[in-house]
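Biologist: I'm new to this one, so please pick out the end of a single helix and give it a close look. Tell me what packs around it, which charged pairs sit there and what open space it borders.

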Amino acid sequence: MRTSKRTQILEAATRVVQREGVKSVTFDSVAAEAGLTKGGLLYHFASRDDLVQAIHQHLADAWEADLVTAAGKPAAEATRDERLAAYTRVAIQSATRAELLLMLEGSTNAAHAAVWSAVTERWAPPPPSAADDQAALDRFIVRLAADGLWLYDSLTSERLDPGMRRAVADRIADALAHEGSSENDG
């Protein structure tokens, strides 16, 4: 299937972010990266803000698709533990600089943050409401461990050896398997 121009633009914009940061996303830089004219970008995006919002949505949609693939079903059809297992499997994959930069930038803009929050709220456990809810606390710790591995990879220039990465991922998954919760509610 042929990639749409809109997708081509968003992938080019993501490469610009990966190389040069979010502030470097301009119609000129993205047009050059995509091999299109500035007018071609303006056809799809009325403003830079529209383009940046679309980049956030594009990456969040890809993240959601990875989560659905990992779970084998949409979040609405998965149990709480199936959602966390999928989130853990996807989060322990190597992060990109572009994802990190966009998430950081997004945290300061309500519209951008909402895109990422919508995915996270469907798939990842929130902090427990009570410290004495051991099962909820264990699930949240598994989430933090997966997020930590993702963040580690996005912040360091030296990637973990694949064997070590798999060992860490296995320990996180093992913690999920042994979290002690017998409930599997949705």
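Modeller: One bit of vocabulary before we start: a residue counts as buried when its relative accessible area is under 20%, as exposed when that area is over 50%, and as partly exposed in between. Keep in mind, too, that this is a predicted model.

Here's the overall picture. The protein has nine helices and zero strands, and its C-alpha trace spans about 55 × 35 × 35 Å along the principal axes. Of its 186 residues, 38% count as buried. If you take the contacts with a separation of 6 or more, 69% of them are between residues 24 or more positions apart.

Now for the helix end. Let's go to Trp123, the last residue of α7 (110–123). What does Trp123 touch, once its neighbours within four places in sequence are left aside? Its contacts are Glu64, Leu67, Val68, Ala71, Lys73, Pro74, Ala75, Arg83, Leu84, Ala86 and Tyr87. Several of those names will come back, so hold on to Glu64, Lys73, Arg83, Leu84 and Tyr87.

Trp123 also belongs to the largest nonpolar core, which has 44 residues. Along with Val25, Val30, Leu51 and Ile55, Trp123 is one of the residues with the most contacts inside that core. Two or more core residues come from each of α1, α2, α4, α5, α6, α7, α8 and α9, and α4 gives the largest share, nine residues. As background, nonpolar side chains in soluble globular proteins tend to be buried together.

Next, step back one residue to Arg122. Its side chain meets that of Glu64 in a salt bridge, 2.6 Å from N to O. The partners are 58 residues apart, with Arg122 in helix α7 and Glu64 in helix α4, so the pair links distant parts of the chain. Remember that Glu64 is also in contact with Trp123. The two partners aren't equally covered: Glu64 is buried because its relative accessible area of 16% is under 20%, whereas Arg122, at 40%, counts as partly exposed. In general, side chains of opposite charge can pair when their charged atoms come close.

Lys73, another contact of Trp123, has a charged partner as well. The side chains of Lys73 and Glu82 meet in a salt bridge at 3.3 Å, N to O. Why does Lys73 count as partly exposed? Its relative accessible area is 24%, which falls between 20% and 50%, so Lys73 lands in the middle class. Glu82 is partly exposed too, with a value of 29%.

What about the open space here? Trp123 helps line the second largest pocket, which has a volume of about 150 Å³. The lining also includes Arg122, Arg83 and Leu84. The largest share, four residues, comes from α7, while α5, α7 and α8 each supply at least two. By class, the lining has six charged, five nonpolar and one polar residue.

Arg143 is one of the charged residues in that lining, and Arg143 has a salt bridge to Asp147, at 3.3 Å from N to O. Both Arg143 and Asp147 sit in helix α8, four residues apart, about one turn of the helix. Arg143 is buried at 16%, while Asp147 is partly exposed at 23%. The structure holds seven salt bridges. Elsewhere, Arg15, Arg19, Glu20 and Glu33 are linked in a network of them.

Finally, α7 borders another opening. The largest pocket holds about 550 Å³ of space. It has 22 lining residues, and those nearest its centre are Trp63, Tyr87, Met103, Trp116 and Trp150. Two or more lining residues come from each of α4, α5, α6, α7 and α8, with the largest share, five residues, coming from α7. The lining divides into twelve nonpolar, five polar and five charged residues. Tyr87 ties this pocket back to our starting point, since Tyr87 is among the contacts of Trp123.

To sum up this helix: α7 gives the largest share of the lining of the largest pocket and of the second largest pocket, and Arg122 in α7 is paired with Glu64 in α4.

Terms used:
Residues numbered from 1 in each chain as written. Predicted model: local features only at pLDDT ≥ 70, side-chain atom pairs only at ≥ 80, totals over all residues. Heavy atoms only, no water. Core = buried A, V, L, I, M, F, W, Y, C linked by side-chain atoms within 4.5 Å. Buried < 20%, exposed > 50% of the residue type's maximum accessible area, 1.4 Å probe, protein only. Contact = heavy atoms within 4.5 Å. 1 Å grid on protein atoms, 1.4 Å probe; cavity = no way out; pocket = protein on both sides within 12 Å on 5 of 7 lines; lining within 4 Å. Points joined across faces, edges and corners; volume = space filled by probe spheres on them. Nonpolar A, V, L, I, M, F, W, Y, C, P; charged D, E, K, R; others polar. Salt bridge = Lys/Arg side-chain N within 4 Å of Asp/Glu carboxyl O.
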